[in-house]
Amino acid sequence: MSPTQTPTPKRPRGQGQWALGHLEPLNPNERTKKDDDGLNVRKRIETIYSKRGFASIDPQDLRGRFRWWGLYTQRRPGIPGGKTAVLEPHELDDEYFMLRVRIDGGALSLEQLRTVAEISTTYARDTADVTDRQNIQLHWIRVEDVPVIWEKLEAVGLSTTEACGDVPRVILGSPVAGISADEVLDPTWAIDEIQRRYIGSPEFSNLPRKFKSAISGLPDIVHEANDIAFVGVHHPEHGPGLDLWVGGGLSTNPKLAVRLGAWVPLEEVPDVWAGVTGIFRDYGYRRLRHRARLKFLVDDWGPEKFREVLESDEYLGRRLIDGPPPPPHVEPIDHVGIHEQKDGRFYVGVAPLVGRVSGSMLAKLADVIEAHGSGRLRTTPHQKLVILDVDGDKVESLVTALDAIGLQARPSVFRRNTMACTGLEYCKLAIVETKQLAVDTVAELERRLADLNEQLDVPISLHLNGCPNSCARIQVADIGLKGQIVKGEEGFQVHLGGGLGLDAGFGRKLRGLKVTAAELPDYVERVVRRFADQRTDGERFAQ
Ligand code: SF4
């Protein structure tokens, strides 16, 4: 080009947005989804793979469409972290699966609890983890057993439909929906209705990426970290309804959700949910997987344009009502402990350590709950369990019985506030082990810091991730730990001082601050002792 020629402006590259006519797949994941809907793999699992075994599974189904039914291959045991990049997928895949059972709103009956427990002991080597999205994950599942597991789950109203994959995942809901005296309204109807209308429907079975939803009458569902969230709020003229948030997501490039400034009455929640999900399906970026979450579109458009498109004839076709924000919450609400319900009975929240339970523990839990006159429980987004509807005169006996099976209603600050993702034990993306390390670290901290029990009356959250993804929400923890190799061993990059609610913000990544797994208890002990020594009256850890 001669110096006098003006350069032709570069045409922006298409991002694979369907609404702009980019219908040809731009990467292998999009190709797999276009070739065949992920939901269709169920039939092949039932009629072919479960009969002919693991070796018969088509690789595109195995590493792609199986997720639409909650199935991921586990990491082959013995493969160290940090080595995965040099391995072929088949070298990393074990022949067993993780199976995610979706529990929308976290609501479980005794019958459902017993069914999950029985599946765990019969088909999953007694494994079970309560996740930070209110699901229960089982491990060591064989493809041969999947149809019978589905049959058992579906007979009691549970499923694994769209528990993973580029689809609307489980809908978070308040563990105390319908029983809390503080909630603005009980949105359970909307959760059930969205599930009935849209989960498992081809309308939303090919989204650019996963899509996380949360609906609660209280700010107790980590709403800032979801693609879409509805949070209870009183409108001065219209009364109780829900405030709409979009575009949250942690992982790499973390972003907190933003408000659209719209107040939504309960009966309109499913339509508004479908409108936002439709925008994501049509305008979401499909070129690069790491830019495909809704948060990138929301960031580029801004909340005003997003709301305008949502209200357009293409989606809702009507104006939303402007509304106020919900009151900010000061501390995460985890529902652990003993609390009164609005009907005068009580709910009891217990802390399984880092969400790890087992089929046999869940079976014992069902018996304990039943013996104390309760018939239902809830999972929480903090890897906890909440038992509902306990009469006042049975509370203490229930707490003692729960303690005897390892579920504490009055846990230490560390047991209560430590979360860990799946990590190296089963996850193929992991660089380091997390769950056992977290369990050992909590035990060590309880022993070493027993002298501070009285002083530590504020939450200090410790979240461990096995890789740069953020399944355990490290950016919003007081002490967030991102798994990586440090000094040639398993270790963590430290992020300090993250929080949600009033203190919403990401923890500071202290560049030079990395600890090996072996150094972790020493490091946390030092930080907590310094906080206890220098703390002013009423000061919280994140301040
Ligand atoms: Fe796996 Fe990483 Fe998520 Fe942990 S954070 S479960 S290691 S993807």
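**Exercise 1. Describe the open sheet of five strands: its strand order, its edges and the helix that packs on it.**

Solution. In this predicted model, local features need pLDDT of at least 70 and side-chain atom pairs count only at pLDDT 80 or more, while totals for chains, interfaces and linings use all residues. Residues are numbered from 1 along each chain as its sequence is written, and side-chain values use heavy atoms, with hydrogens and water left out.

Step 1. The strands follow the order β3-β15-β16-β13-β12 with antiparallel pairing, where two strands pair if DSSP finds at least two bridges between them, and where helices (H or I, at least four residues) and strands (E, at least two) are DSSP runs numbered from the N terminus.

Step 2. The edges are β3 (107–109) and β12 (337–340), each of which pairs on one side only, and the twist averages 25° from one strand to the next.

Step 3. At the β3 edge, three bridges join β3 to β15 (residues 376–379) in an antiparallel run, and Ser109 stands opposite Arg376 in β15.

Step 4. Helix α11 (residues 395–404) packs on this sheet and touches β12, β13 (346–350) and β16 (385–390), its direction making about 15° with that of β13; contact here means heavy atoms within 4.5 Å, and axes are lines fitted to C-alpha atoms, for helices over the stretch in contact, with angles running from 0 to 180 degrees between N-to-C directions.

**Exercise 2. Work out how the open sheet of six strands is ordered and which helices lie on it.**

Solution. Step 1. The order is β6-β7-β8-β9-β10-β11, with mixed pairing, and the edge strands, β6 (168–173) and β11 (321–322), each pair on one side only.

Step 2. Within this sheet, β9 (residues 239–246) and β10 (residues 258–264) pair in the antiparallel sense over four bridges, and Asp243 stands opposite Trp263 in β10.

Step 3. Helix α7 (residues 188–198) packs on the sheet by touching β6 and β7 (211–216), and its direction makes about 170° with that of β6.

Step 4. Helix α9 (residues 294–311) lies across β7, β9, β10 and β11 and runs at about 35° to β10.

**Exercise 3. Characterise the packing of helix α5 against α10 and against α6.**

Solution. Step 1. Two packed helices are described by the angle between their axes and the distance between the axes.

Step 2. Helix α5 (residues 110–123) meets helix α10 (residues 359–371) at an angle of about 155°, with the axes 7 Å apart. That makes α5 roughly antiparallel to α10, given that angles under 35 degrees count as roughly parallel, over 145 as roughly antiparallel, 65 to 115 as roughly perpendicular and the rest as oblique.

Step 3. The crossing of α5 and α10 is left-handed, a crossing being left-handed if the near helix is turned anticlockwise from the far one by less than a right angle, and right-handed if clockwise.

Step 4. By class, this contact of α5 with α10 has nine nonpolar, four polar and three charged residues, where Ala, Val, Leu, Ile, Met, Phe, Trp, Tyr, Cys and Pro count as nonpolar, Asp, Glu, Lys and Arg as charged, and the others, Gly among them, as polar.

Step 5. For α5 and helix α6 (residues 146–155), the angle is about 165° and the axes are 10 Å apart, and these two helices are therefore roughly antiparallel to each other. The crossing of α5 past α6 is right-handed, and the contact joins Thr115, Val116, Glu118, Ile119 and Tyr123 of α5 to Val148, Ile149, Lys152 and Leu153 of α6.

**Exercise 4. Determine the relative orientation of α7 and α8 and the make-up of their contact.**

Solution. Step 1. Helix α7 packs against helix α8 (residues 269–283) at an angle of about 50°, with the axes 9 Å apart, and the two are therefore oblique to each other.

Step 2. The crossing of α7 past α8 is right-handed. Among the residues in contact are Trp189 and Arg197 of α7 and Pro270 and Trp273 of α8.

Step 3. By class, the contact of α7 with α8 has eight nonpolar, no polar and three charged residues.
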